[in-house]
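Reader: I'd love a close look at one part of this model, the largest cavity and what surrounds it. Could you walk me through it and then show me how it sits in the rest of the structure?

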Protein chains: 2
Amino acid sequence: MDPSQVDVPPMKDLTIDNITENVQKINSQCPDPRLKYLMERLVSHVHDFARETRLSHDEWMSAILFLTSVGQICSDVRQEFILLSDITGLSLLVDSIDHPKPPASTEGTVLGPFHTHDAHTEANGTLISHDPQGEPCLVLCTVKDTNGRPISGVKIDIWETDSSGRYDVQHADRKEPDGRAVMNSDDQGIFWFKAIVPVPYPIPHDGPVGKLLKLLKRHPYRPSHMHFMFEKPGYDHLITALYLRHDPYETSDAVFGVKESLLIDLYQTNAEQAQKYGVPEGTKLITYDFVLVSEEESRKLREQNAMQAMEAQGRRMKLYKGLPVPDLD
Amino acid sequence: MDPSQVDVPPMKDLTIDNITENVQKINSQCPDPRLKYLMERLVSHVHDFARETRLSHDEWMSAILFLTSVGQICSDVRQEFILLSDITGLSLLVDSIDHPKPPASTEGTVLGPFHTHDAHTEANGTLISHDPQGEPCLVLCTVKDTNGRPISGVKIDIWETDSSGRYDVQHADRKEPDGRAVMNSDDQGIFWFKAIVPVPYPIPHDGPVGKLLKLLKRHPYRPSHMHFMFEKPGYDHLITALYLRHDPYETSDAVFGVKESLLIDLYQTNAEQAQKYGVPEGTKLITYDFVLVSEEESRKLREQNAMQAMEAQGRRMKLYKGLPVPDLD
């Protein structure tokens with residue numbers, strides 16, 4: 001590199017008080033206005049964190065080693081950084097910001113680290129969980145738009161644990177996907193399947209995130225739930241889950257995913273339903289009517305919320321590819 | 001786990017506006033007051049960052065994957081998280097906070113990721129760099145206390161790159177440490193050795209941190225320098241480095257390590273020195289008088305600075321094991 005091309009502010013004698021300004025200056029050469037803004041806020045917060053806590057070298061080194069161990073335990077079937085984001089509430093926050101929901105629509109929640117891309121596509125009525133210890137459960141759902149019109153052809157990803165509280169990928173001898181499926185809503189917006197009643201389970205806590213929870217005196221449990229993800233062009237991508245009401249961990253989810261509107265009661269299949277869906281009468285029953293927001297409506301709401309939040313923070317901003325950046329004009 | 005033992009605030013319906021308060025509540029069970037304070041500030045800053053930037057799900061996922069790759073490239077001889085901390089100015093900041101220096105003492109700077117624990121202990125006068133392409137350099141130093149008294153028996157770690165700008169650990173065929181040594185100051189506080197003239201070099205930029213620097217349009221270079229680390233019971237641990245004045249990267253160090261007081265001029269050995277130290281006349285010469293601070297003086301200054309900073313921030317704090325925590329009495 002030709003040193004004469006070095007076009008940065010002269011930085012010598014960096015101190016507690018001037019380091020932030022100098023890092024911001026050198027980063028301000030970034031040609032992407034959004035990355036520049038993200039880095040500006042990130043550096044400001046990280047430095048303020050160190051100054052407000054008088055972060056010691058030993059604490060800094062512990063953090064370096066902690067983050068390294070979080071990265072190193074990650075694999076094709078384990079994402080410990082997502083877990084870390086989940087248990088600090090960041091995942092829920094980002095989902096809420098990115099996927100604002102108008103009143104009548106289904107709220108989103110955390111994705112979690114156990115979604116996979118290898119689930120088989122199944123027809124309505126399929127049994128998707130083959131754990132013989134699981135309590136059978138019929139799941140009857142619809143997908144509609146905010147005007148109450150059924151949406152057909154929505155791709156729906158569904159995943160849940162087995163009766164021991166473990167996802168298929170947590171079994172070393174996993175050969176085929178189980179407890180998960182991809183379905184498509186029919187022309188009445190209906191999708192239905194046979195599964196098992198969800199159970200509470202701990203998030204993986206044998207790694208660094210589990211150690212952190214222990215130091216914080218927090219339990220690692222999630223209340224019983226079943227994950228759903230909805231995709232169809234023109235509609236806002238919906239990542240959500242249904243939670244069993246009165247679960248012991250309903251109010252202390254380790255990853256902050258519960259929302260009042262996503263709590264459901266577990267019913268029993270009546271004689272008519274039993275005959276119609278081919279299950280024994282009394283089989284446990286989950287029903288839910290999901291409501292998707294159009295991409296356009298979601299985008300408008302997100303941009304409107306963003307500009308309102310920026311105004312409330314006293315920042316003069318404009319939108320760049322739908323996201324706020326400083327308005328320097 | 002017995003659900004009745006779940007002693008946390010009920011959390012349902014978590015939103016952009018109440019998620020932070022709820023995460024703080026659940027973390028407030030932490031029995032260690034310092035970890036509790038660190039987590040409280042961390043969660044507050046991370047959430048504010050997401051709210052101030054309206055962090056999108058895609059950006060969040062990019063960050064998750066970036067941090068994962070930073071963790072995964074780490075090895076026994078590569079610490080990419082330290083690099084990340086270095087290029088964002090955090091390392092310099094933490095060192096400045098943790099090791100405050102009274103006027104007349106030697107300032108500290110970034111440790112960097114290339115210190116190892118396997119350097120051989122060498123006697124005064126040893127040649128520590130065996131690169132035949134390197135320009136020979138005599139290094140004559142003293143270690144004194146803030147009253148100007150020599151300190152004997154200080155353990156000094158020294159490390160520098162070879163003439164190609166690479167540390168020994170960056171060579172795949174490394175068998176023995178080179179370009180590094182541990183020395184001990186003699187009873188006059190003197191230590192001296194033969195090495196090579198330091199050269200500028202890029203920090204490792206073939207990994208995720210290098211990619212980030214490129215996106216920020218920053219160069220990865222460090223100005224020519226030689227690392228020193230001083231340890232002796234009773235004295236504050238000093239991590240520092242000497243920088244060659246007028247290096248092309250003197251004012252744009254990728255890791256923000258340069259300080260005016262650590263800049264040195266490269267001299268040439270005169271006839272008398274050449275004879276005394278057994279090098280050809282005209283050999284390049286570095287001299288420096290290091291001044292260590294006592295542990296007691298450093299601790300007092302650190303605690304005083306901490307309490308002043310807390311007061312300036314309007315925080316009512318007390319010291320716990322020498323570090324600030326909220327004063328709740």
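**Around the largest cavity**

Author: Happy to! Let me start from the axis that relates the two chains: in this predicted model, A:Gly71 is the residue of chain A that comes closest to the rotation axis, with its C-alpha at 2.0 Å. Turning chain A by 180 degrees, with 0.0 Å of shift along the axis, superposes it on chain B with an RMSD of 0.0 Å. That is how a two-fold axis relates its copies. The contact between the chains fits this picture: 100% of the interface residues of chain A are interface residues in chain B as well, so the copies meet through the same surface.

Now to the cavity you asked about. Searching the whole structure turns up six cavities of 30 Å³ or more. The largest of them holds about 80 Å³ of space. Which residues line the largest cavity? From chain A come A:Ile82, A:Asp86, A:Ser91, A:Val94, A:Asp95, A:Thr109, A:Val110, A:Leu111, A:Gly112 and A:Ile239, while chain B supplies B:His57 and B:Trp60. Three elements give two or more residues each to this lining: helix H4 (80–87) and helix H5 (90–98) of chain A, and helix H3 (57–73) of chain B. The largest share belongs to H5(A), with three residues. Sorted by class, the lining of the largest cavity consists of six nonpolar, four polar and two charged residues.

One of those elements, H4(A), deserves a closer look. Eight of its eight residues are buried, so H4(A) is largely enclosed by the rest of the structure. Buried here means under 20% relative accessible area. The buried residues of H4(A) are A:Glu80, A:Phe81, A:Ile82, A:Leu83, A:Leu84, A:Ser85, A:Asp86 and A:Ile87. Two of these names, A:Ile82 and A:Asp86, also appear in the lining of the largest cavity. What do the buried residues of H4(A) pack against? Within chain A, their partners are helix H3 (57–72), H5 and helix H6 (208–215). From chain B, H3 and helix H4 (80–87) join them.

The cavity lining also leads us to a sheet. A:Ile239 is among the lining residues, and strand S8 of chain A covers residues 238–244. This strand belongs to an open sheet of five strands in chain A, with the order S3-S2-S7-S8-S9 and mixed pairing. Strand S3 (180–184) and strand S9 (263–264) of chain A are at the edges, each with a single partner strand, so one side of each is left without a neighbour in the sheet. S8(A) and S9(A) pair in the parallel sense over two bridges. A:Leu244 has A:Ile264 in S9(A) as its bridge partner.

Chain B has its own open sheet of five strands, with the order S3-S2-S7-S8-S9 and mixed pairing. Its edge strands are strand S3 (180–184) and strand S9 (263–264) of chain B, each pairing on one side only. Elsewhere in this sheet, strand S2 (residues 155–159) and strand S7 (residues 225–231) of chain B pair in the antiparallel sense over five bridges. There, B:Ile158 has B:Phe228 in S7(B) as its bridge partner.

For an open space to set beside the closed cavity, look at the second largest pocket, with a volume of about 400 Å³. This pocket is lined by 23 residues, and B:Asp76, B:Pro113, B:His115, B:Thr116 and B:His117 lie nearest its centre. H3(A) gives the largest share of the pocket's lining, four residues. By class, the lining of the second largest pocket has eleven nonpolar, eight polar and four charged residues.

Finally, let's step back to chain A as a whole. Its secondary structure comes to eight helices and 13 strands. One pair among those strands is S12 (residues 317–320) and S13 (residues 323–326) of chain A, which run antiparallel over four bridges. This hairpin has two residues between the strands, and A:Lys321 takes a positive phi near 50 degrees. A:Tyr320 is bridged to A:Leu323 in S13(A). Along the principal axes, the C-alpha atoms of chain A fill a box of roughly 80 × 45 × 40 Å. Of the 329 residues of chain A, 57% count as buried. Among the chain A contacts with a separation of 6 or more, 70% are between residues 24 or more positions apart.

Definitions and conventions
Residues numbered from 1 in each chain as written. Chains lettered and ligands numbered in written order. Predicted model: local features only at pLDDT ≥ 70, side-chain atom pairs only at ≥ 80, totals over all residues. Heavy atoms only, no water. 1 Å grid on protein atoms, 1.4 Å probe; cavity = no way out; pocket = protein on both sides within 12 Å on 5 of 7 lines; lining within 4 Å. Points joined across faces, edges and corners; volume = space filled by probe spheres on them. Nonpolar A, V, L, I, M, F, W, Y, C, P; charged D, E, K, R; others polar. Least-squares fit on C-alpha atoms with pLDDT ≥ 70 in both. Contact = heavy atoms within 4.5 Å. Pairing = 2+ DSSP bridges. Buried < 20%, exposed > 50% of the residue type's maximum accessible area, 1.4 Å probe, protein only.
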